[in-house]
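Here are a few notes to help you find your way around this one. Have the structure open while you read.

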Amino acid sequence: MEELRIGVYVCNCGTNIAKVVDCDAVVEAASSLPGVVVARPYKYMCSTPGQEMIVQDIKEQNLNRVVVAACSPRMHERTFRKALQTAGLNQYFFEMANIREQCSWVHDDAEGTTRKAEALARGAVYRVACHEPLEKLSVDMCPSTLVIGGGIAGLTAALELAEAGHPVHLVERTERLGGNLARVDLTAPYLDSATDLLIDRITRVRESPAIKVHLSSELKELSGFVGNFEALIGPATNGGQPTTEGRRVGVGSVVVCTGYKEFDASRITHFGYGKLPNVVTSFELEAMLKAGRIEMKDGRTPQYFAIVHCVGSRSREFHGYCSRVCCMTALKYAHEIKSSIPKAYVSDLYIDMHAFGKGHEEFYRQSSEAKTLFLMYDKNEHPVIKRAGPKDDCDMLIEVNEKLSGEVIEIPADMVILMVGMEARPDSGQVARLVNISQDKEGWFIESHPKLDPVATTTEGVFIAGTCAAPKDIPDSVAQARAAAARILAKIARQKIEIDAVFAQVDEDHCSGCRVCNELCPYSAIEFDEKTRHSRVNSALCKACGACVAACPSGVIKARHFSDRQILAQIEGILS
Amino acid sequence: MSFEPKIVAFLCNWCSYTGADLAGTSRMHYPPNVLSIRVNCSGRVSPLMVMSALTKGADAVLICGCHIGDCHYVTGNWQTEKRVPLLKKGLESLGIDPRRVRLEWVSASEGARFVEVVEDFITEIKRLGPNPVKGAHHDRRTACSL
């Protein structure tokens, strides 16, 4: 029997772990555990020098087991397994202790958190001692992709994949492609027509033999794993009675491009939306611009316009975030209004002007020169809109405490445009559950890493692009859609997907043949051999849930890499 | 010193472990009494694992899986749902308060729910006091050698 030689590495993660957990104490506690020959702390274990440290120790100190106490295994288990492979050690001789997401980030008591980190590391050391060498399985990567949502992001992702020659199922809940962008007239800052941007893409999607467009449809179910998902696409019910009828398609990857919903202006009462007839939302103005005529409810042409920024965004009661596109859209309205009604007066009531993108600052300057009246108001003191008197030559009067001049100013308005922000779609939770991804507290889908992995999610093979992840403009949505497609194309190019070598195995010599496991396997992966009267697991069908392992009355089904022996050792470790 | 219970949490990889990670990435806070063990599915949690935790020093055991209908393994959590009440009956006959074992559904997007579940369970176990059977079973089996 080979002697255990375990290396334990405790990551500081900059200050992410070290600011609450005493990493040196964790190292010291681990170094006295049975089998541990090396224990070290390091700034960033996932960095190249961190991984090289493991490789070097494996080679020089003949380590045969490695434990890294760091972030969640969902984040970096793969990274460290690769380091073991580089050093020539079987990658399953590795275990991670999650001392960041489930420890330093959620606790603030330094003493208790350090003890917990020690316990988790001990559990990992005890567990890794029982690990066995396994070989990963290689399965075919299905080259088809499911794209959910037919807006600009979904159309772009679908085209990118189809143009590389791969099949795409594009699912759109409504009866037409285009998404929210189809409701927009011109786009800021270059004043290109949104229709032109879309028509070209929609035509190419429609003509592409590789893209199957499913209109008035939605994803009903998704099963399987990266490279081998099975999606059920059925008729959209729009919140009605759910159905399970539909068409099953096999896909290797999923791109979620479900977009956003605009903020409901009637949730804010003080702007008079719904009461004053000519207080409209930005999308209502878009509809007038698209129709080619801006008019008041009674058919008159308005002369005084007031545009109010940050409706529902950057507020304490509604959404704390900035919706990113409204400032430039507001400037675009000033241009469009003046070109449609040359005698119009446009006032622009803003909190801060966010002009961060390419060409945006220039567009702002241009708008200032075009005599739009910019009035800055305070976040906590909103403008007051009221009906004008019979002597006024306008319908409404707006009182605003102008921040830069410090004066209370009254401006006339015939039409008030509320720049409504973006918010997560009300059914985004359902989508998140279907494809198994996470949402933040505002409902936006969460990326695998906000900076370094912005289109991947914690579920391998499921990507997010566009405004379903956060408010963003067209160029950013397009860039994300293409990024997601690039990630998928890389997977397709490799043709094979490596999957965990975890599946259940029956010790047939000791199987009593009771057949309890046969019935409960969700994949019908367990066969009963009538001749030997024993059950047998078909490893190709087994997905390693372990339900049979827990149910076997003889205790003779073993879950590889999640065996009783390994889990019991971990329990003993964390509790001793 | 006040009683700080040790709770072993078996979390399914696909929903609840991810939900617990989300509580971390969202920087939510809860007390450090919970020690988690990642399993593929809540259906993998066997009575042996729960009993082992309760006899080796845990004051309570939390089992979390995907919501019914959302199981990554289709029907894995149905097994859990059937198994846990039986297990609780068994615990009762052994003189262990069945409230020391709790089954909860926590999805990958429910970081806040994970925190609520944990905080509520810690409060309940603090009220129940230390697990009387912990340490009763002196299984000195240390880490298995190769």
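1. To start with a small detail: how many bridges join strand β6 of chain A to strand β7 of chain A? There are 4 of them, linking residues 145–148 (β6) with residues 168–171 (β7), and the two strands run parallel. Within this pair, I148(A) sits opposite V171(A) of β7(A). Keep in mind that you're looking at a predicted model.

2. Now zoom out to the sheet these strands belong to. In chain A, 5 strands line up as β10-β7-β6-β14-β25, with parallel pairing, and the sheet is open. At the edges you'll find β10 (211–214) and β25 (462–464) of chain A, each of which pairs on one side only. On average, neighbouring strands of this sheet are turned by 20° against each other, ignoring direction.

3. Next, the domains. Chain A splits into four pieces: domain 1 covers 6–136, domain 2 takes 145–259 + 425–497, domain 3 spans 265–421 and domain 4 runs over 504–559. Going by C-alpha atoms, the centres of domain 1 and domain 3 of chain A are 55 Å apart.

4. Finally, have a look at where the two chains meet. Chain A brings 56 residues to the contact and chain B brings 49 residues. On the chain B side, α1 (16–25), β2 (34–39), α2 (47–55) and α3 (76–93) each supply at least two residues. The most come from α1(B), with 7 residues. What's the make-up of the chain B side that touches chain A, in nonpolar, polar and charged residues? It divides into 24 nonpolar, 19 polar and 6 charged.

Terms used
Residues are numbered from 1 along each chain as its sequence is written. Chains are lettered from A and ligands numbered from 1 in the order in which they are written. This is a predicted model: local features need pLDDT of at least 70, side-chain atom pairs count only at pLDDT 80 or more; totals for chains, interfaces and linings use all residues. Domain bounds come from an automatic or database domain assignment. Two residues are in contact if their C-beta atoms, placed from the backbone, lie within 7 Å. Ala, Val, Leu, Ile, Met, Phe, Trp, Tyr, Cys and Pro count as nonpolar, Asp, Glu, Lys and Arg as charged, and the others, Gly among them, as polar. Two strands pair if DSSP finds at least two bridges between them. Axes are lines fitted to C-alpha atoms, for helices over the stretch in contact, and angles run from 0 to 180 degrees between N-to-C directions.
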